[in-house]
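Visitor: I am new to this one. Could you walk me through it, step by step?

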Amino acid sequence: MFAARLRGRLVWWDLDRGRRAGEVPAPADLTGLGFGPDGRTLLATVFAAKGTQALKSVELATGRARPVLTGAQAIHLSGDRRTAVVCREEDGQSVVSRRRTSDGAALGRPYRERDEDFTTDQCTVAAVDATGRRVALRYAENVRLLDLDSGRTLSAVRLPSATPGFLDTPLLTESHGRLRYGGHVDSTIAFVDLTPGKRLLKAAQQRLTPDGRNRLLVRADGSRLELRPADPARNGRLLAGAARAKPYWVPEEDDLLALNREGGLLADREGREKVVVRDASTLRKAATVTAVRPPKSRPDKRKFRDLHTSGSLSGHWPKYAFRYFFDHTGRLVTVSGTVVQQWDPRTGRQLARFDAGALRPAEAPEAVLSIAPYPERNKVSVLVRGEPGVRVVDLTTGRVTDRVRTGREVLSVQFAPGGRYFAVLRGDTGLEVRQRGDRPRRVIGPLDEVGESAATPYLAAFLDGGRYLVATGNTVRTYRLGERGPQDSYVVGDPGGTAGDHSFLDVSGDGSTVVLGAFGETGSALPLEPERWRAELCRLVGARTLTADERSAFPAEARTDQLCP
């Protein structure tokens, strides 16, 4: 049977016999139509008073329309038409419930949003399964599976940021025991797996392990530290976990988890002046360090980019002037305002302390200081804003032992592990990498897309094997120090798209994996392995030859390649 509205009437046809089977008057302001489960009625959704929707049951024999539901924001019929999923606004929030279409009686438990990130007064129901028990909620790029028998979420996924029009009219279907949310455009079908058990990982902070295989995450509420596989297909597996101290310290943007060079120890800030050191593979606590209580920061002192905490933080001012990192020998260093302290990471014992405020010039007693790692034992680098060069300071004595010439207008300095190269971020010309020695010279840059006036977030880091990575906009470039031009270059997403769509949050020590964030959302690990991308594409399309139209969406250098053998 097939039904439609035609010239103010509801008309239905018997498709098996190829003839019209009947018609009755159509309700006013019709928005949707479907056969009732009893075969004797049509279910019609209509616009009602004050912009609401209503559901009516129309008898095929008499045309009598009986109200079933009223006052709804939106009404979605289940596949079997026995139930309707209804959104109603209550106290400024949309509440989802399940109702019988025969009499409007409530079934199961209504769902009121518990996650502040998804709370809204708008109906976010996108699709309903055959029974109306399970519902797909879509908010921006996030899709969650809701069970209306229990009133709780069962799974969640994030859609690709550039999802095309496949999901304008989505479906929630089950096949071989797996739930899929998807849609189609012409002959192409796209879907994502919503099988119960999948969860959106919401992290306040995250770091890759040096080999890029795993990710360390602090939960969004600051309650737990977790170790999970970096592979998005396996990140539901928990490798290790640890409860953090109460009251939970929710990391600020520059409270980056710190790893020592070997990746065996992890430092995590758990309070205003407290840092906990843990084994990075088991998350067992090794020591707790309580530094000097840091002062509140002054926003006008942080208006510059820091190569060590990622350029995406350039507009962020932390509440307190505090940072921490491992030095060249694996000892923990904390900086509270101008007070620098060195600690044994396995016992928590203080080894050294000095006040870098003494390095400020007499004529600028409030000059901004940037204190960062330096690749020598018991040394740190100190940059005094407005002063030429970088001072190398001995932690144990507070004395300046060396100076590195950088010129003026320097915002931040970053040293390679061997000390032969260093990166300089200038306010006028951007980023450059320089070589030290008898004949100092510039080996990379200047890259003007990274600098004080650039609004685009960026990530810059020295990698293993004498390489340097710069990720900004939608591009990742890897340079081999001492050679001209980038060694490798990757474009994320549409090559002609908007450059500022992505933030690169971290990179593994070998440069094989980056953590990619889109539109300010929690990031996901992206392996920089084109052959792996090629293999996955070929698997998805069935290893067939791509059409000329499909190849036209690829970068020019890839259009002539035979992608799938």
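Guide: Gladly, and please keep in mind that this is a predicted model. A good place to start is strand 20 (residues 214–219), which pairs with strand 21 in the antiparallel sense over five bridges.

Visitor: Which residue of strand 21 stands opposite L216?
Guide: Strand 20 and strand 21 pair in the antiparallel sense. Within strand 21, the residue standing opposite L216 is L227.

Visitor: And what is the bridge partner of L227 in strand 22?
Guide: Strand 21 has another antiparallel partner to look at, since four bridges join it to strand 22 (residues 240–243). On that strand, L227 has as its bridge partner A240.

Visitor: Which residue takes a positive phi in the hairpin of strand 20 and strand 21?
Guide: This hairpin has four residues between the strands. The phi in question is near 80 degrees, and the residue that takes it is G222.

Visitor: How many of the six residues of strand 21 are buried?
Guide: Buried here means under 20% relative accessible area. Strand 21 (residues 224–229) is largely enclosed by the rest of the structure, because its buried residues number five of the six.

Visitor: Let us go on to strand 28. How many of its five residues are buried?
Guide: L332, T334 and S336 point one way from strand 28, while V333 and V335 point the other way, and all are buried. Strand 28 (residues 332–336) is therefore largely enclosed by the rest of the structure, with a buried count of five of the five.

Visitor: What are the bridge partners of F326 and T334?
Guide: Strand 27 (residues 322–326) pairs with strand 28 in the antiparallel sense over five bridges, and F326 has L332 as its partner there. Strand 28 is also joined by five bridges to strand 29 (residues 339–343), again antiparallel. In strand 29, the partner of T334 is Q341.

Visitor: Which residues take a positive phi in the hairpins of strand 28?
Guide: The hairpin of strand 27 and strand 28 has five residues between the strands, and there G330 takes a phi near 90 degrees. The hairpin of strand 28 and strand 29 has two residues between the strands, and the one with a positive phi, near 65 degrees, is G337.

Visitor: Which strands stand at the edges of the open sheet of four strands?
Guide: The sheet has the order 31-32-33-34, with antiparallel pairing. An edge strand has a single partner strand, so one side of it is left without a neighbour in the sheet. That describes strand 31 (369–373) and strand 34 (400–404).

Visitor: Which residue of strand 33 stands opposite S381?
Guide: Strand 32 (residues 379–384) and strand 33 (residues 390–394) pair in the antiparallel sense over four bridges. Opposite S381, in strand 33, stands V392.

Visitor: How many residues are in the largest nonpolar core?
Guide: In soluble globular proteins, nonpolar side chains tend to be buried together. Here L307, L431, V433, I444, F462, Y468 and L481 touch the most other members of the largest core. Elements giving two or more residues to this core include strand 37 (430–435) and strand 38 (441–447). The core's residue count is 19.

Visitor: Last one: is S57 buried or exposed?
Guide: S57 is found in strand 6 (residues 53–59). Leaving aside neighbours within four places in sequence, its contacts include T41, L43, R64 and V68. Because its relative accessibility is 5%, S57 counts as buried.

How values were computed. Residues numbered from 1 in each chain as written. Predicted model: local features only at pLDDT ≥ 70, side-chain atom pairs only at ≥ 80, totals over all residues. Heavy atoms only, no water. Buried < 20%, exposed > 50% of the residue type's maximum accessible area, 1.4 Å probe, protein only. Contact = heavy atoms within 4.5 Å. Core = buried A, V, L, I, M, F, W, Y, C linked by side-chain atoms within 4.5 Å. Pairing = 2+ DSSP bridges.
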